[in-house]
Amino acid sequence: MLSGAAACLAMPGLLRAQNTPPRVATLDWAFLETLMAIGANVVAATELRQFRQVAVKPDVSAGTADLGLRGTPNFEVLQFARPDLIFNSNFYAWADPLMALIAPVESHAIYKPGESPYPLAEQAMLAMGRRLQLDHARRFVDELSGRLDRYKTFLANGDGRPVLPINLGDARHYRVFGSDSMFGEVLKRLGLQNAWQGATSYSAMAPVGIETLASMPDAWIIFIPPHPQDAFDALTQSAFWKALPAVRDNRVLTIGSINPYGALPAASRFADFLAEGFARVRNG
Amino acid sequence: MSGTADAFIHLRRPSMPVFYAAAFGAACVIAFILLLALRPHIPADPATAEMLDRILLWNSLAPRAVIALVAGAALGLAGALLQRVLRNPIADASTLGIASGAELALTLGLTFSPVLMGASREVVAFAGGFAAVAIVLALSWRRGLDPVTVAISGMIVSLIAASLSVTLVLSRGEYAMSIHIWGAGALSQQDWSGVLSLSPRLLIGAIAALLLMRPLNMLALDDSSARSLGVALQATRFGILLLAVWLSASVTATVGIIGFLGLAAPAAARLCGARTTGEIMFTAPLTGAALLFLADCLTQILGPGFSDLAPTGAATALLGGPLLLALLPRVHGFSPVTAASEAILRQIRKPATVLILLAILFAFAFIATLVIGPTDHGWSAATGPLFFDLLPFRLPRILAAGGAGAMLAASGFIMQRVTGNPIASPEVLGVSTGGGAGLTVALFLFGFPSPPVMLASMALGALAAFMVVIAVSGRAGLVAERLLLAGIAITAFSMAIISMVLAQGDMRSFVLLTWISGSTNRAGNFEALTAMIALVVLAAPVFGMGRWLSILPLGATVSKSLGLGVAASRLLLATIAALMTAIASFLVGPLSLTGLIAPHLARLIGFQQPRHQLAAAMLIGAGVLMAADWLSRVIIYPYQVPVGLFAALIGGPYLLWLLGRKA
């Protein structure tokens, strides 16, 4: 916060030139979707091809420069994009000194060990909104929190069963999203219980054997793509799968693809998918 | 080819082989009973719990136990066949690159066609495994499939294949998560399909081995005796090889890489008292089955709840390193390679002039890589303000790449001189991957370590790996082939540690993946300064050690008679080489093969004196990595290819050519 304020003072040009919105860039997908959601002028971001497939929404504008892989962003391209301000996350902190040569870097964190990502994502969005003087940030945060409340009321009339959000890796393994993940956080806000009570490492992922599905007989199973189609087919055709109570009672939902390390837009997408899925089930 | 009989392990025949068999059997039964007794309970009403428990028992736990036995037996048989047919006690699907080749082929398959299942999956795995083993054998063909050469070629092919797989995984982003898990050989099953597909293959393999028993017996003899007994030698060997590759690739296609089981099973069979070909062919599958079964039970019992402690295949890979070390005294190269066998192509008369020419070329390369590149308006030579805009990004990575290249060249040069073996290089001695193991430990201790911490942990890991290699091979007076094999063992062990963390699929594995693929993209002032300071501090003293470097390749006896403290000078030189390797691998990843090719090119140009050779090798090494770095950032602009991988793809074919040449 302080560093942001200091950067503001040090960079009067950014605030003065309000006729053209400041050009911003980021390496982190969570920030990319946050910035696009609040209507910032994003001139460069990483791995856009993959982003369009995994995160899907919001739409990346054609004018945004692709910086290449998240692990190896191309700083020369970033330089050519002439950003006024770069938002960086703790995960890419190593790039701070290099990017500081191009434009002022502001750091936020959404995923920290042992901390819940949702409030951090809200803080990050609000801070970016303030920094870029985009009122939409506050509206987005309030609207989403209101929407989650509405969904909560709606889902309160459901069957009260716990929900297991998973991403299938291969026919025998999945990643589970525990209570400290963004999906787990959304479940909490929707008044749903996360079926996964076990240990998770770093933002809630761990490859888990498929047999563990039997240990949560009450749960709804929520598939979050992208997953390999052959793995999905092999799993859903297996005798084990067909014998699971959740499968026999039709308590399986496959929703749309979401970035598992996302920010509020990912949370919003997940909540919408869940509400829509449960509404469809309830209406038969 | 002589001296093959002693290439096999001869231990004292135990009085009661039956006792070992019984002990193995009892251990398996006890482990399975424990597994059944300790398996987690399902939180549900009694009726549902019982139904689910039955499903788990019959559709998950039982097929998993059976597939462990079947896969273990298949790998044990494949290992025994490979060891016999290649007359190499350390041949196995892991050391020959079959498993990594199959994995790479499947990764490629998944990248280009997302739906890859059933039979096609197995065909792809077989093609990959066969291609890898073909390359490895082609590499060592001229040296009569000498075990040491085979093992080194196998390791390099494995490393390149693994690094290519990693690059593909990285470029696919999240999608290829299954490959991490699957690549580490997790055995969990959800039905009997894996068992049903693998069992007939094991049966066919066993029957074929039975039919081939006579030729297999003959192969224990040397070639001329075998031929005189009427065995169509090459055809038989090829047939057996195909059978073994097919068995290993089938296992890889079904459950992933089960590291080093094919090495462990025949060794355990011999420990149990198996001596004749028939005994080993019969016992190795049994011990293989028992070993994998035990390992799998242990990971399940020790893991929390329903989760495994580690993927079984990664856990068995931990056995690989120690096993190779234990087998080390039994391995004898029969085509020893020394620097003298390296043909002197020509000798240049004025080395100083040629060195200056090289330096000028190097300077041109330096300026070209600094200035030329694609911009948002297409290609351009950066001048004026643009040059100074780009300088902070281009200069550090060029310095890091160049410095790493020079250091790798210097350490490769030292290793080749010290061991007297022209294929010694930092990758081969396990020092680079030892650094990776150090990095892995740092990731566990610190979460997100800072670059200095990463560098320090890698240096510690590299030194530790190197000390183990020295300690193990030191007893035999640092004999070249011992040193190389110990290096391979350390590489196997370090890679097992790394792949266990990779299998976690979390943020830490992302850091490791980025390191393995080797990129200079992150280089900033810290990296550039590290490269330059390390280069001056570590490489400069080597120029003062010219006498050692000209005497040591002549062998320990000559060196001693010339009054050189062999052990001490080797130790000092090798420590310098290890440190340079660690720092270079921090900068450009574990695999570049620059340390292999640069000293060679220097020799090929005709530099004879150690100092001239070293200077030329360093210039070439720096130039190669700078060029690779430049290519890596322009070839699929704005995306970037890892530079280490790029350099390895240049170095790999060179290695092929080098080893394929007549000695």
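**Note on the predicted model of chain A**

1. Helix 9 of chain A is followed by A:Gly191, a residue whose phi is positive, near 75 degrees. This and everything below describes a predicted model, so each point is best read with the structure open beside the text. Helix 9 itself spans residues 182–189 and is mostly covered, since six of its eight residues are buried. Those buried residues are A:Met182, A:Phe183, A:Gly184, A:Glu185, A:Val186 and A:Leu187, and what covers them includes helix 7, strand 6 (163–170) and helix 13 (264–282) of chain A.

2. Turning to the chain as a whole, chain A holds 13 helices and ten strands, and buried residues make up 55% of its 284 residues. If one takes the contacts between residues at least 6 apart in sequence, 61% of them join residues at least 24 apart.

3. The domain assignment divides chain A into domain 1, covering 2–134, and domain 2, covering 158–282. Where the two meet, 22 residues of domain 1 are in contact with 18 residues of domain 2. On the domain 1 side, the elements that give two or more residues are helix 3 (29–37), helix 4 (48–54) and helix 7 (117–132) of chain A. The residues of that side of domain 1 divide into 16 nonpolar, three polar and three charged.

4. In which order do the five strands of the open sheet lie? The order is 3-2-1-4-5 in chain A, and the pairing is parallel. Strand 3 (65–66) and strand 5 (105–108) are the edge strands, each of which pairs on one side only. Strand 4, made of residues 85–89, pairs with strand 5 in the parallel sense over four bridges, and A:Asn88 stands opposite A:Ser107 of strand 5. As a general point, strands of a sheet pair through backbone hydrogen bonds, either parallel or antiparallel.

5. A:Ala44 is a useful residue to look up, and it lies in strand 2 of chain A, which runs over residues 41–45. Is A:Ala44 buried or exposed? It counts as buried because it has 28 C-beta neighbours inside 10 Å, whereas 20 would already be enough for that label. Leaving aside neighbours within four places in sequence, A:Ala44 is in contact with several residues, including A:Ala25, A:Thr64, A:Leu67, A:Val77 and A:Pro83. A:Ala44 and A:Met99 are 55 residues apart in sequence, while their C-alpha atoms are 12 Å apart in space.

6. An antiparallel pairing can be seen between strand 6 and strand 7 of chain A, which are joined in this sense over four bridges. The two strands form a hairpin with two residues between them, and the bridge partner of A:Asn167 in strand 7 is A:Arg175. In a regular strand the side chains alternate between the two faces of the sheet. For strand 7, residues 173–176, both faces are covered, with A:His173 and A:Arg175 buried on one side and A:Tyr174 and A:Val176 buried on the other.

7. Two peptide bonds that lead into a proline deserve a careful look in the model. The bond from A:Lys57 to A:Pro58 is cis, with omega near -10 degrees, and A:Pro58 has its place in the loop between helix 4 and strand 3 of chain A. The bond from A:Pro225 to A:Pro226 is also cis, with omega near 5 degrees, and A:Pro226 lies in the loop between strand 9 (220–223) and helix 10 (229–237).

8. The loop between helix 4 and strand 3 also holds A:Val56, whose phi is near 60 degrees, a positive value in a residue other than glycine. A:Val56 is partly exposed, because 17 other C-beta atoms lie within 10 Å, a count that falls between the limit of 12 or fewer for exposed residues and that of 20 or more for buried ones.

9. The last residue to check is A:Asn250, which has a positive phi of about 60 degrees although it is not a glycine. A:Asn250 lies in the loop between helix 12 (245–248) and strand 10 (252–254) of chain A. Why does A:Asn250 count as exposed? The reason is that 9 other C-beta atoms lie within 10 Å of A:Asn250, and a residue is exposed with 12 or fewer.

Technical notes:
Residues are numbered from 1 along each chain as its sequence is written. Chains are lettered from A and ligands numbered from 1 in the order in which they are written. This is a predicted model: local features need pLDDT of at least 70, side-chain atom pairs count only at pLDDT 80 or more; totals for chains, interfaces and linings use all residues. Two residues are in contact if their C-beta atoms, placed from the backbone, lie within 7 Å. Domain bounds come from an automatic or database domain assignment. Ala, Val, Leu, Ile, Met, Phe, Trp, Tyr, Cys and Pro count as nonpolar, Asp, Glu, Lys and Arg as charged, and the others, Gly among them, as polar. Two strands pair if DSSP finds at least two bridges between them.
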